[in-house]
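Hello,

Here is the structure I promised to pass on to you. Please open it beside this email, and then read on for what turned up.

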Amino acid sequence: MHPGPTAPAAPLTALLEDFSLEMTAKDVPALERARDTLPAGTRVNITYLGNEDLEMRLAAARAVKAHGFVPVPHLSARRLGSRAALEEFLDGLRADGTGEHVFVVGGDPAAPHGPYGDALAVLRTGLLQRYGVRRVGIPGYPEGHPAIADGVLWSALRDKSAVLGRHGLTGDVITQFGFDAGPVLDWVERARAHGVEAPVRVGVPGPAGVRRLLAYAGRFGVGTSASIARKYGLSLTNLMGTAGPDRFLHAFAQGYDPRRHGDVKVHFYTFGGLAATSEWVARFREDGVSAR
């Protein structure tokens, strides 16, 4: 169990200020429906999927901006087929005024499609700042990565943070989602001990069906033992049910100490849909209690 905070627990509402969430390029109609429930200026990450093309990604970023939100397009290093493909994407974002914030991740393919084997290789090109990027998000893995050793993950996080600093770029760390607040709090504290000072956006799943949440957890190597699942609110005897992150967020707020954990916000993975997540957050922030 994670030790209690050494200072009064931060109000949950403070952690939910300036929250972010993500969408795919196919979610533009859902963004239209959700726009009235999202605060102006909300950061909306746009994933980089293999079945979407350049124009779809650019159009999604334009839609996010047009609705008054901040687009954060993803760059998937191993999906980039060439340096020219990276520059084409960055140039398109710059032309649309949607490329000041990006998120750079290694990506799913086991073998790179081009010259970039990981996110660090993209950061080292110097192309991001050349094309007007000012803020870069990088991933963090509180429960590890199924294909990467912990030591390698920590080394990569330190190296990426250092490269961003040398290039004059600010950044955020967005963590993989989890179901247990304790390991996430421990990881954030360790990140600070490793010299990572950037704000951390703690990843949580938006409300979704239990079966879908468990499927995503298995895909991304997130711990899903029965005890953790019950703590989160997943009913393993009712896979047709739904669950939201209210228990996780309350537990996180209880353990969060700004003096030890630094600047922390929340990032929602919208597995159950963009509109469902935005409506859930709006109710949760308004009520200050469970939004189920």
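Among contacts between residues at least 6 apart in sequence, 81% join residues that are at least 24 apart. Please keep in mind that this is a predicted model. The secondary structure comes to 13 helices and ten strands. Of the 292 residues of the protein, 51% count as buried. The protein exposes about 12,600 Å², and carbon and sulfur atoms supply 52% of that area.

Next, the nonpolar interior. The largest nonpolar core has 69 residues, and those that touch the most other members are V104, L128, V136, L249, F252 and F268. Helix α8, residues 181–193, gives the most to this core, with six residues. A second, separate core has ten residues, including F103, V105, F177 and F271.

V104 is a good place to start looking around. Leaving out residues up to four places away in sequence, V104 touches L75, A119, V122, L123, L128, V136, G137, I138 and P139. Two of the residues on that list, L128 and V136, are also named with V104 among the core members that touch the most others.

Now for the empty space inside. The structure holds two cavities of 30 Å³ or more. The largest cavity has a volume of about 80 Å³. It is lined by 13 residues, of which R43, N45, V72, D172 and I174 are the closest to its centre. Which strands supply at least two residues each to this lining? They are β2 (43–46), β4 (101–105), β5 (135–140) and β6 (170–175). Strand β5 gives the most, with three residues. By class, the lining has four nonpolar, five polar and four charged residues.

A few single residues are worth a look while you have the model on screen.

G106 sits in the loop between β4 and α5, the latter being residues 119–123. Is G106 buried or exposed? With a relative accessible area of 13%, G106 falls under the 20% cut-off and so counts as buried. Setting aside neighbours within four places in sequence, G106 is in contact with S76, A77, R78, D118 and A119. The C-alpha atoms of G106 and V122 are separated by 9.1 Å, with their positions 16 residues apart along the chain.

T277 belongs to helix α13, residues 274–287. Its relative accessibility is 0%, so T277 counts as buried. Apart from residues up to four places away in sequence, T277 touches G206, P207, F268 and T270. One of these, F268, is among the residues of the largest nonpolar core that touch the most other members. From T277 to L38 is 239 residues along the chain, yet their C-alpha atoms are separated by 9.8 Å.

A162 lies in helix α7, residues 150–166. At 33% relative accessibility, A162 counts as partly exposed. The C-alpha atoms of A162 and V196 are separated by 8.8 Å, and the two residues are 34 apart along the chain.

E143 is in the loop between β5 and α7. With 29% relative accessibility, E143 is partly exposed. E143 and T175 are 32 residues apart in sequence, and their C-alpha atoms are 9.5 Å apart in space.

The last residue to mention is D18, and its backbone is the reason. Most residues other than glycine have a negative phi. Phi of D18 is near 60°, a positive value in a residue that is not glycine. You will find D18 in the loop between α1 (12–15) and β1 (20–23). At a relative accessible area of 37%, D18 is partly exposed.

If you have time for a quick tour, you could start at V104 and its contacts, such as L75 and A119. From there, go on to R43, N45, V72, D172 and I174, the lining residues closest to the centre of the largest cavity. You could end with T277 in helix α13.

Best wishes

Definitions and conventions. Residues are numbered from 1 along each chain as its sequence is written. This is a predicted model: local features need pLDDT of at least 70, side-chain atom pairs count only at pLDDT 80 or more; totals for chains, interfaces and linings use all residues. Side-chain values use heavy atoms; hydrogens and water are left out. On a 1 Å grid over the protein atoms alone, a cavity is a set of points where a 1.4 Å probe fits but cannot get out, and a pocket is an open set with protein on both sides within 12 Å along at least five of seven lines; lining residues have an atom within 4 Å of a point. Grid points are joined across faces, edges and corners, and a volume is the space filled by probe spheres set on the points. Helices (H or I, at least four residues) and strands (E, at least two) are DSSP runs, numbered from the N terminus. Ala, Val, Leu, Ile, Met, Phe, Trp, Tyr, Cys and Pro count as nonpolar, Asp, Glu, Lys and Arg as charged, and the others, Gly among them, as polar. Buried means under 20% relative accessible area, exposed over 50%, partly exposed in between (1.4 Å probe, protein chains only). Contact means heavy atoms within 4.5 Å. Accessible areas come from the Shrake-Rupley method with a 1.4 Å probe; for residues, only the protein chains shown count as cover. A nonpolar core is a set of buried Ala, Val, Leu, Ile, Met, Phe, Trp, Tyr and Cys residues joined through side-chain atoms within 4.5 Å.
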